[in-house]
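Look at the model below before reading on. The paragraphs after it go through the protein copies, the DNA and then some aromatic rings.

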2 protein chains.
Amino acid sequence: MTTNISRPRGRPRRFDPEQAVAIAQRLFHTQGYDAVSVADITEALGINPPSFYAAFGSKAALYARTLCRYTGTEGIPLAEILRPGRPLAEALSAVLESCARRYGADPAAAGCLVIEGARCKDPEARNAARALSTTAADTIRQFIAATHPEAAERLTDYVVTLMVGLSTMAREGHGADRLLATARLASLALEQELGA
Amino acid sequence: MTTNISRPRGRPRRFDPEQAVAIAQRLFHTQGYDAVSVADITEALGINPPSFYAAFGSKAALYARTLCRYTGTEGIPLAEILRPGRPLAEALSAVLESCARRYGADPAAAGCLVIEGARCKDPEARNAARALSTTAADTIRQFIAATHPEAAERLTDYVVTLMVGLSTMAREGHGADRLLATARLASLALEQELGA
DNA sequence: ATATATTTGTAGTCACCCTTACAGAATCTC
DNA sequence: GAGATTCTGTAAGGGTGACTACAAATATAT
């Protein structure tokens with residue numbers, strides 16, 4: 001007796017949507033949203049366009065699902081790193097180091113899917129990525145404001161600017177080692193500014 | 001007697017190529033290379049496609065000319081800022097401040113034309129932008145190496161990462177004031193690292 | 001078995017992109 | 001003027017993109 005939860009009525013799917021999202025995520029992360037065509041996706045999935053549109057609605061909608069999946073798995077775990085009570089300079093430095101490590105971990109899928117997606121041409125996909133990007137910035141800002149409200153905007157801008165820069169440099173081919181060196185250098189400013 | 005330098009033979013042009021490059025530069029800077037179509041350009045210039053191709057060869061070739069023009073006019077004057085003998089921390093901080101000011105000066109054409117062009121989809125245009133980007137990085141690296149050879153790569157990576165980040169944030173709508181605050185914060189790390 | 005529901009595969013639509021063929025117009029040389 | 005030369009405008013070629021109409025296929029429900 002397998003998992004037999006009363007299959008739906010019609011002809012069954014020949015592919016697993018969840019796995020398809022994973023494959024699409026890798027494509028988007030590797031090549032960028034604009035550079036991936038629906039034809040690329042359907043070929044990678046071994047299906048035809050109608051199956052794709054029936055399952056996901058549109059390229060942008062599938063992208064939104066990959067973004068959702070990304071934040072839950074490979075994205076930077078801001079909530080974990082920015083634990084309340086953690087010293088500010090230490091916490092922000094940890095964010096930058098985490099970015100350096102993750103963005104440079106896989107050379108074939110370098111950088112941040114969200115940050116890179118925020119520059120794509122398609123408005124729907126771009127807005128989806130921007131929304132997540134804004135949420136992340138807000139998380140950082142609120143963490144800072146809890147202890148240093150007067151410095152929240154300035155420090156958030158600084159950290160986000162570096163995250164964006166690190167993602168870009170990762171895509172330019174910089175490995176985790178070089179990114180980490182940059183992150184550590186950037187942390188010096190945080191320590192100095194916050195009197196660590 | 002006007003400037004009468006023996007006009008060329010055939011039918012005269014109805015537009016000024018130099019002015020056309022300036023107009024195209026503004027389009028590319030405002031919208032990004034990929035988002036500007038040849039139709040956009042020809043419409044902005046008030047000419048038809050054949051005139052465009054006869055004068056410039058291709059969209060990428062025109063873009064290369066706009067890049068050339070940009071570095072000579074609106075680009076960061078690295079050669080001026082990185083004058084030999086200038087204290088390193090001061091010089092690199094000046095680079096970052098200059099970026100902050102220029103990238104945020106014109107909200108309609110924010111960021112750096114070269115940096116943003118380095119991510120476009122067209123290989124020819126991308127390589128043209130990358131070449132200039134690499135040249136700029138080399139200039140910075142050599143200036144650092146003149147006095148601090150062991151720190152050249154690390155500091156160059158740091159400065160370039162911030163330049164890229166500043167350009168992106170400018171395109172996200174950050175004004176020169178916010179960019180400058182980030183640049184000044186980033187300079188703290190340089191001063192600390194270099195014992196200023 | 002019949003009806004219903006859902007997916008699949010073929011083939012194609014429609015829009016937009018960069019680029020060019022071609023003939024006519026405007027200028028210079030002789 | 002005649003001829004050579006260069007630009008201009010119309011119109012379209014050739015490619016790629018996202019997306020879909022439609023009928024055949026495969027399952028469940030009764």
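In chain A, 100% of the interface residues are also interface residues in chain B, so the two copies meet through the same surface; contact here means heavy atoms within 4.5 Å. This is a predicted model, in which local features need pLDDT of at least 70 and side-chain atom pairs count only at pLDDT 80 or more, while totals for chains, interfaces and linings use all residues. Residues are numbered from 1 along each chain as its sequence is written, chains are lettered from A and ligands numbered from 1 in the order in which they are written, and side-chain values use heavy atoms, with hydrogens and water left out.

How are the two copies placed relative to each other? Two copies of a chain are related by a rotation about an axis and a shift along it. Here a turn of 180 degrees and a shift of 0.0 Å along the axis lay chain A on chain B with an RMSD of 0.1 Å. The two copies are thus related as by a two-fold rotation axis. The superposition is by least squares on the C-alpha atoms of residues with pLDDT of at least 70 in both copies.

Now turn to DNA strand C. A residue is near a strand if one of its heavy atoms lies within 4 Å of it. There are 24 residues around DNA strand C, and Arg14(A), Ser51(A), Arg9(B), Val38(B) and Tyr53(B) come nearest. Of the atoms of this strand that come within 4 Å of the protein, sugar and phosphate account for 69%. Polar contacts (pairs of N or O atoms within 3.5 Å; within protein, one must be able to donate a hydrogen and the other to accept it, and residues adjacent in sequence count only if both atoms are side-chain atoms) show this in detail. A polar side-chain atom of Arg14(A) is 2.5 Å from a phosphate oxygen of DNA strand C, and for the side chain of Tyr53(B) the distance from an N or O atom to a phosphate oxygen of that strand is 2.9 Å.

Which element gives the most to the surface near DNA strand C? H3(B) does, with three residues. Helices (H or I, at least four residues) are DSSP runs numbered from the N terminus.

DNA strand D also has 24 residues around it, and the nearest are Val38(A), Arg9(B), Arg11(B), Arg14(B) and Asn48(B). Sugar and phosphate make up 72% of the atoms of DNA strand D that come within 4 Å of the protein. A polar backbone atom of Val38(A) is 2.8 Å from a phosphate oxygen of DNA strand D. The side chain of Asn48(B) has a polar atom 2.9 Å from a phosphate oxygen of the strand. On the surface near DNA strand D, H3(A) gives the most, with three residues.

The last topic is the aromatic rings. Rings of Phe, Tyr and Trp (its six-membered ring) pair if their centres lie within 6.5 Å; planes under 30 degrees apart count as stacked, over 60 as edge-to-face and the rest as tilted. This rule gives twelve aromatic pairs over all chains. Phe15(A) and Phe56(A) have ring centres 6.5 Å apart and planes at 50 degrees, so the pair is tilted. Phe15(A) lies in the segment before helix H1 (17–31) of chain A and Phe56(A) in helix H3 of chain A, 41 residues apart. Phe56(A) is buried at 8% relative accessible area, where buried means under 20%, exposed over 50% and partly exposed in between (1.4 Å probe, protein chains only). Phe15(A), Phe52(A), Tyr53(A) and Phe56(A) form one aromatic cluster.

Technical notes
Helix = DSSP H or I, 4+ residues; strand = E, 2+ residues; numbered from the N terminus.
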